[in-house]
Amino acid sequence: MNVLDSSFLCLDIGTTAVRGIAHRVRAARIVRSAIHSVDSTDTVFALKAVIDELERQIGGHFDSAFVTGNFGPVVFDMSVQNTRWGGEHKITPGDVRTQIGKITPPDGFYPMHIVPLRYDGNTEKNMSTPVSRTDSQLISVFGVIFYANARLAQIYGYLRRAHIQAAGFFDPQFLLNFTLRTRHENTLFIDLGAAHATGALWTDRGVVWMYKTRTGGDEITRRIADGLGIDCDDAERIKRASMTAFPRDMDRFTPADPAYDFSRADIGDIAMPAMTEILDEIRAAAGAAITKYHPTKIILSGGGADTDSIADYIADIFGIGVQTVGADAAVRALGDYVWGTQAARVRAYQARRDTIAQIGTRLSQMWRIRRPRTQSIPILPSTLAFNMRAPQTYALFRAGGISMIHVDIMDGFFVDRVAGGIDELKYIRAHTRAHLYVHLMTESPAVWAADAADAGADTIVVSGGTAGVRAAVAEIHRRGRRAGIALAPDMGVATLKPILREIDDVLVMSVRPGAGGQEFIPDALRKIRTLAATRRKYNLGFRITVDGGINDKTAQLCWAAGADALVAGSYLAHSTDFPLAVQSLLKNHQ
Ligand code: DX5
Ligand code: ZN
């Protein structure tokens, strides 16, 4: 297989979604990548839709395809094989293969991964590789992950119907371990999937425990649907929008959905016990393995990982810190893994071309960018430039790894134009779990801020210079949201001095508020530098966000000046490849 000059496709086939990532590689360099996902229980349709879109973005057909996902029931086993030679014997690769060949799968199962955990000879224990040692006996211990033949046959069927021939199948936890586990850290992987949740414990030697629960996120949806007498599609949508592990008092009074009269708390009352059952099942099954291997970290993936505050909830149950890697983690890990297997050939190629230094730096930069992000991407698309009523916009944002959205609201008084509004904000809130950073270009900021908080804003920024800024900030904090102040181009940093200590965010306007697509005003850089210096000097905690005229060039100037996050409207909206455009705005991108 030569992926060094080709396009390769990675697929994560779940029960309710198919996710894909594709890389186009030229001369051992990834020159183009795209990521796309489709939610549908019709797997063949979803596969075709993902492939079509990725081929369009990559500009060509795929040469090879690799698959991970939900392949149904698993059986995990530790297999011990023992061969005695009745005398001294030099151990060959053939002997090791024979040991592996002795592993017999349970009825109807296929060994997806056979991970050597340990080799022991008669004279030597814990050999990492026994080949070419001389001994009279070889004892091998393997961790084996078996998948059900019937389910794999079904996946083959889906792929055939979508005209895909897979070059390799991988268990998702195997991939996440490969790309995300830190060396010497025993790690518990929990994947909250739709059909079931999976737990797996990985150590430096390999996988030592694995378990799938009987039910998953679909069961939570079913209980909401049954409990409230609504259909499953609505239940799924409302679950995603309002389920939270730690409900707030307010949730009793906050409607879960405009179309129904039950509250967010009603959803939580049904959903959280179901979620807790799933987690308790994993906890009970993992008990012995946790006691023996003391995992120091939980890595959380799958659709359920998007549930509000679920990471803290799981950390409480298990008493172990949780890192959330998001729903795309498995497919990204697959991409990294496949590319990682080429590392040696990439190096040889580079050596031949005598450009090791140059390409190496570039590859390492790509690595950094494509690795699944554990923290949010500090790029906020501005709603002014996108149609927020179109489902494609949300798919696009997901594909780009967006986790914060900048919602522009203009009241027609503070600026000449009317745009956005509380209804629009509510609509956005119902369609994404992203952090909503609301930019109020309005008079009466306290009134607007209260409405924005009710509509689900996470950060609320009011325009500096309007009447009642201080009251608005207090109001925002009273409602438990992040508060910020926007600094217009004609306002100096000094005007913020009295209130800097009280706010969470300063939005430096690098264009005149009122319209997208304007040119970046360089004076904003001086303000960013002053704010960053003031923050350092007085040990303050606000973040610096920059809004207006951001493109791949001005972005780098802002990062260099000390910005923490950037808002981008027209640059992202006019890009032909949204995920790449997002990446081109990240720090030090070349
Ligand atoms: C301007 C808005 C910005 C704007 C940014 O009044 O606050 O958020 O949409 O758009 P671009 O990036 O195109 O300048
Ligand atoms: Zn804005």
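**Predicted model: surface, cores and an open sheet**

The protein exposes about 25800 Å² (Shrake-Rupley method, 1.4 Å probe, only the protein chains shown counting as cover for residues), and carbon and sulfur atoms supply 51% of that area. This is a predicted model, in which local features need pLDDT of at least 70 and side-chain atom pairs count only at pLDDT 80 or more, whereas totals for chains, interfaces and linings use all residues. Residues are numbered from 1 along each chain as its sequence is written, chains are lettered from A and ligands numbered from 1 in the order written, and side-chain values use heavy atoms, without hydrogens and water.

Trainee: What radius of gyration does the protein have, and why does it agree with a compact globule?

Mentor: The radius is taken over C-alpha atoms, and the globule rule is 2.2 Å times the number of residues to the power 0.38. For 590 residues a compact globule would have a value near 25 Å; the protein agrees because its radius of gyration is 26 Å.

Trainee: What percentage of the 590 residues count as buried?

Mentor: Buried means under 20% relative accessible area, with exposed over 50% and partly exposed in between (1.4 Å probe, protein chains only). By that criterion the share of buried residues is 56%.

Trainee: Which helix gives the largest share of the largest nonpolar core?

Mentor: A nonpolar core is a set of buried Ala, Val, Leu, Ile, Met, Phe, Trp, Tyr and Cys residues joined through side-chain atoms within 4.5 Å. The largest one has 64 residues, and I528 and C558 are among those with the most contacts inside it. Its largest share, 5 residues, comes from residues 523-538, helix α16.

Trainee: Which residues does I528 touch, leaving out those up to four places away in sequence?

Mentor: Contact means heavy atoms within 4.5 Å. On that basis, the partners of I528 are V508, I544, V546, C558, A561, G562 and A563.

Trainee: Which strands are at the edges of the open sheet of 5 strands?

Mentor: Strands are DSSP runs of E, at least two residues, and helices are runs of H or I, at least four, numbered from the N terminus. Two strands pair if DSSP finds at least two bridges between them. The order is β11-β10-β9-β12-β13, with mixed pairing. The strands that pair on one side only are β11 (207-212) and β13 (322-326).

Trainee: Which residue of β11 is the bridge partner of A200?

Mentor: Strand β10 (residues 197-202) runs antiparallel to β11, and 5 bridges join them. In β11, the partner of A200 is M210.
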